[in-house]
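Student: I'd like to take a close look at one part of this protein and see how it fits into the rest. Could you walk me through it?

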Amino acid sequence: MTDNSPLGTDAAKPLRLGTRRSKLAMAQSGLVADAVSEVTGRAVELVEVTTYGDVSREHLSQIGGTGVFVAALREALLRGDVDFAVHSLKDLPTTPHEGLVLAAVPVREDPRDVLVARDGLTLGQLPSGARIGTGSPRRMAQLNAYARSHGLDIETVPIRGNVDTRIGFVRSGELDAVVLAAAGLSRLGRTGEATDFLSPDTLLPAPGQGALAIECAVGSADLVAALGELDDPYTRAAVTAERALLAALEAGCSAPVGALADLQGDGQAVNELRLRGVVGSTDGSSLVQMSTTGPVPTSQDDAAALGRELAAEMLAKGAAGLIGERAL
């Protein structure tokens, strides 16, 4: 077999992919491992790394939120214990890490949130007093705002845990429903358990939701180039705009901020990028929700500028007072 590795003489040595140990992290890292192996001609082995966010039982807002799921992986990268790492992009701090490079953002999965409810119920069918579990202030803010505007009586209940734990709260009858990311269920092959796919008009996802981040050391030039073949320019432009909005709001990844950039076209060609953003108080009583549209960005700077522009408009409408957690 011909060696098509772009990575020099260590072609026989497996590349080490750093990943969190959860079922979901292992599933999405496995997908990336297969793609990297195809691109490089090298075997890829998964190296499990436990992060602080995995072992802490506190809610994300209490433990800082930003970076709690990625710090240990980044340390492993910088030590040389792993060659590259895969993160859920929504967990990645918006500030670049010196010594590391975001080598690829592959094609994004479905960015929406989904409801997993008892008896196959949709959001609009939930009974009065329904208890909905989520660990996300962003989801709480928008769910409560939706309920207020539609005359629904719901209670949002803070929860932590993996997908099995969260769905278990519904199966046991402790909760009527939980809200999860569609992408997570899809990567676990469990999309069929969703009882309602929530429109971004109802619930804007977290910035970067559904996208993966492949990160490696700046000095690994050959590997950076190889991983770059997995990069999807449209996905990267969209998430760059979303994350620039988050950064400009000076908010961390556990703040009640939602953002989604999507490409708009006339059926013949994609010609615009629409960016929507929302910030809300967790009880849903106050919500700043705005959007802007611009030409499809031709550079990361253009995409980031769109995010900063919308953030400035949202701050002018009072978004800062709703964020709660400010990034340090």
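**A close look at one arginine**

Tutor: Happy to! Let's begin with the whole chain and then zoom in. Of the contacts in the chain with a separation of 6 or more, 71% are between residues 24 or more positions apart. Keep in mind that this is a predicted model. Its chain has 328 residues, and 51% of them are buried. In secondary structure, the chain comes to 11 helices and 13 strands. About 14200 Å² of the chain is exposed, with carbon and sulfur atoms supplying 50% of that area.

Now for our close-up, Arg 243. You will find Arg 243 in helix α9, which covers residues 233-248. Is Arg 243 buried or exposed? Arg 243 is buried, and yet it has no salt bridge. The nearest side chain of opposite charge belongs to Glu 215, and it is 7.5 Å away. A salt bridge here would need a side-chain nitrogen of Arg within 4 Å of a carboxyl oxygen of Asp or Glu.

What, then, does the side chain of Arg 243 have beside it? One of its polar atoms lies 2.7 Å from the backbone oxygen of Leu 92. Leu 92 also appears among the contacts of Arg 243: setting aside neighbours within four places in sequence, these are Leu 89, Leu 92, Pro 93, Thr 94 and Pro 207.

For another view of buried residues, try helix α4, residues 71-79. Here Ala 72, Leu 73, Arg 74, Ala 76 and Leu 77 are buried. An α-helix has 3.6 residues a turn, so residues three or four places apart point the same way. The cover over the buried residues of α4 includes β1 (15-19), β3 (84-88), β4 (100-104) and β10 (212-217). After α4 comes Gly 80, with a positive phi near 85°.

Glycines with positive phi also turn up in two hairpins. Strands β11 (residues 257-265) and β12 (residues 270-280) run antiparallel and are joined by 9 bridges. Within this pairing, Leu 260 stands opposite Arg 276 in β12. The hairpin of β11 and β12 has 4 residues between its strands, and Gly 267 takes a positive phi near 95° there.

Strand β12 also pairs with β13 (residues 287-295), again in the antiparallel sense and over 9 bridges. Here Val 279 stands opposite Val 288 in β13. Between β12 and β13 the hairpin has 6 residues, and Gly 284 in the turn has a positive phi of about 80°.

Terms used: Residues numbered from 1 in each chain as written. Predicted model: local features only at pLDDT ≥ 70, side-chain atom pairs only at ≥ 80, totals over all residues. Heavy atoms only, no water. Buried < 20%, exposed > 50% of the residue type's maximum accessible area, 1.4 Å probe, protein only. Lys, Arg positive; Asp, Glu negative; His and termini not counted. Polar contact = N/O pair within 3.5 Å; in protein donor to acceptor, adjacent residues only side chain to side chain. Contact = heavy atoms within 4.5 Å. Areas by Shrake-Rupley, 256 points an atom, 1.4 Å probe, with all protein chains shown as cover. Pairing = 2+ DSSP bridges.
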